[in-house]
Amino acid sequence: ISASEKKAEVPATVEVETNAQNQEDMITVPEETLEKDAYPEVNSLVKQYYQALVDGDMETIHSIKSYVDEEEELKIVKKSEFIENYPNIVVYTKKGPVDNSFIAYVQYDVKFLDYEQTAPGLNTLYICQNEEGKYYINSSELDEQIIEYLKTVSVQNDVMELFNTVQVAYNDVKTENEELSGFLDELPSLLAAAVGEAIAEQEAMEAALHPEEEEVVEEAVEVVKTVKTTDVVNVRSSDSIEADKLGKTTKGQILDLIEERVNGWS
């Protein structure tokens with residue numbers, strides 16, 4: 001939960017402009033009231049997502065969320081070991097910056113294993129529609145104008161009020177239940193440690209499967225080929241019978257072969 005204590009006064013419409021050169025580059029942020037559970041398809045997507053979080057079902061999460069990095073995936077799987085269910089989920093929405101998109105503020109209660117009392121929470125999801133008309137959670141990198149739009153909506157009065165309401169409820173639970181409060185404080189470090197261990201194990205496994213091959217430096221070995229004459233042979237200054245005669249070999253003489261030429265001379 002992260003929310004500023006200060007409520008920002010937002011006009012009826014706000015024009016967000018990032019490096020805009022003309023009016024067409026501006027995105028208008030309307031001042032609309034939060035809608036509660038207003039879109040069945042969005043509600044269904046959100047509940048599918050939270051059930052996948054309970055189950056640590058990464059196949060489902062990858063199918064409905066545009067991007068999940070390795071660290072987040074490990075954290076989801078580890079956190080699912082502590083969660084029993086999300087018994088209460090309410091989806092508040094505002095229209096997003098592009099057609100058929102929504103900013104969803106998901107208010108929930110989470111039931112952890114071994115703890116009777118639930119803890120309240122609030123999560124923000126940016127939900128878009130793909131080319132087939134199916135909704136998905138857009139977690140990809142967004143351009144500056146869309147980010148500014150989301151930020152502007154997040155400080156509208158009714159959204160701030162929702163954040164503050166959940167924050168107060170969360171604080172009350174921590175005050176009332178010391179044991180659960182200690183677990184909630186410890187959970188982030190538990191997840192961080194588990195993710196670190198999992199990454200280390202993966203790296204060790206990868207190293208075992210693909211060990212670095214030692215570089216073998218082969219020393220150059222000079223191979224000397226020798227030949228033996230079978231007769232008396234003239235030795236000349238170049239590869240021609242017209243060249244100067246330097247001498248003769250004897251029959252059975254052993255010589256080092258330096259070069260063999262295509263014309264038959266050596």
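The following paragraphs lead through the structure of this chain, from its overall make-up to individual residues.

The model is a predicted one. Its chain has 266 residues, and 32% of them count as buried. The secondary structure comprises six helices and 11 strands. When contacts between residues at least 6 apart in sequence are considered, 58% of them join residues at least 24 apart. The surface that the chain exposes amounts to about 17,700 Å², of which carbon and sulfur atoms supply 46%.

Charged side chains offer a first way into the details. Side chains of opposite charge can pair when their charged atoms come close. In the whole structure, six salt bridges are found. One of these six salt bridges joins the side chains of Glu 72 and Lys 65, with 2.7 Å from N to O. The two partners fall into separate classes of accessibility: Glu 72 is partly exposed, with a relative accessible area of 26%, whereas Lys 65 is buried, with a relative accessible area of 10%.

A salt bridge also connects Lys 111 with Glu 84, whose closest N and O atoms are 3.1 Å apart. Lys 111 belongs to strand β5 (residues 102-112) and Glu 84 to strand β4 (residues 83-95), so this pair ties together parts of the chain that lie 27 residues apart in sequence. Lys 111 counts as buried because its relative accessibility is 11%, under the 20% limit for that class. Glu 84 is partly exposed, with a relative accessible area of 38%.

Strand β4 takes part in a further salt bridge through Lys 94. The side chain of Lys 94 meets that of Asp 158 at 2.9 Å, N to O. Distant parts of the chain are linked by this pair, since Asp 158 is in helix α5 (residues 157-176) and Lys 94 in strand β4, 64 residues apart. Both Asp 158 and Lys 94 are buried.

Two other residues of strand β4 deserve attention. Thr 93 is found in this strand. With a relative accessibility of 2%, Thr 93 counts as buried. Which residues surround it? Setting aside neighbours within four places in sequence, Thr 93 is in contact with Thr 33, Leu 34, Glu 35, Tyr 39, Val 42, Phe 102, Ile 103 and Ala 104. Asn 88 is likewise located in strand β4, but Asn 88 is partly exposed, with a relative accessible area of 42%. Residues up to four places away in sequence not being counted, Asn 88 touches Gln 107, Tyr 108 and Asp 109. The C-alpha atoms of Asn 88 and Pro 120 are separated by 9.2 Å, although these residues are 32 apart along the chain.

The loops that flank strand β5 contain residues with a notable backbone angle. Most residues other than glycine have a negative phi. Asn 100, which is not a glycine, has a positive phi of about 60°. Asn 100 is placed in the loop between β4 and β5 and is partly exposed, with a relative accessible area of 45%. Asp 114 also has a positive phi, near 75°, and is a residue other than glycine. Its place is the loop between β5 and β6 (119-129). Asp 114 is exposed, with a relative accessible area of 76%.

Another loop residue is Glu 141, which is found between β7 (135-137) and α4 (144-154). At 82% relative accessibility, Glu 141 counts as exposed. Glu 141 and Tyr 67 are 74 residues apart in sequence, yet their C-alpha atoms are 8.8 Å apart in space.

The last feature lies on the surface. Asp 69, Glu 70, Glu 71 and Glu 203 form a negative surface patch. Of these residues, Glu 71 lies in helix α3 (residues 70-80). How accessible is Glu 71? Its relative accessibility is 45%, and Glu 71 therefore counts as partly exposed. That value satisfies the requirement for a patch, because patches are made of residues with over 30% relative accessible area and no salt bridge.

Definitions and conventions. Residues numbered from 1 in each chain as written. Predicted model: local features only at pLDDT ≥ 70, side-chain atom pairs only at ≥ 80, totals over all residues. Heavy atoms only, no water. Patch = residues over 30% accessible without salt bridge, like charges linked within 9 Å, V, L, I, M, F, W, Y side chains within 5 Å. Areas by Shrake-Rupley, 256 points an atom, 1.4 Å probe, with all protein chains shown as cover. Salt bridge = Lys/Arg side-chain N within 4 Å of Asp/Glu carboxyl O. Lys, Arg positive; Asp, Glu negative; His and termini not counted. Charge placed at Lys NZ, Arg CZ, Asp CG, Glu CD. Helix = DSSP H or I, 4+ residues; strand = E, 2+ residues; numbered from the N terminus. Buried < 20%, exposed > 50% of the residue type's maximum accessible area, 1.4 Å probe, protein only. Contact = heavy atoms within 4.5 Å.
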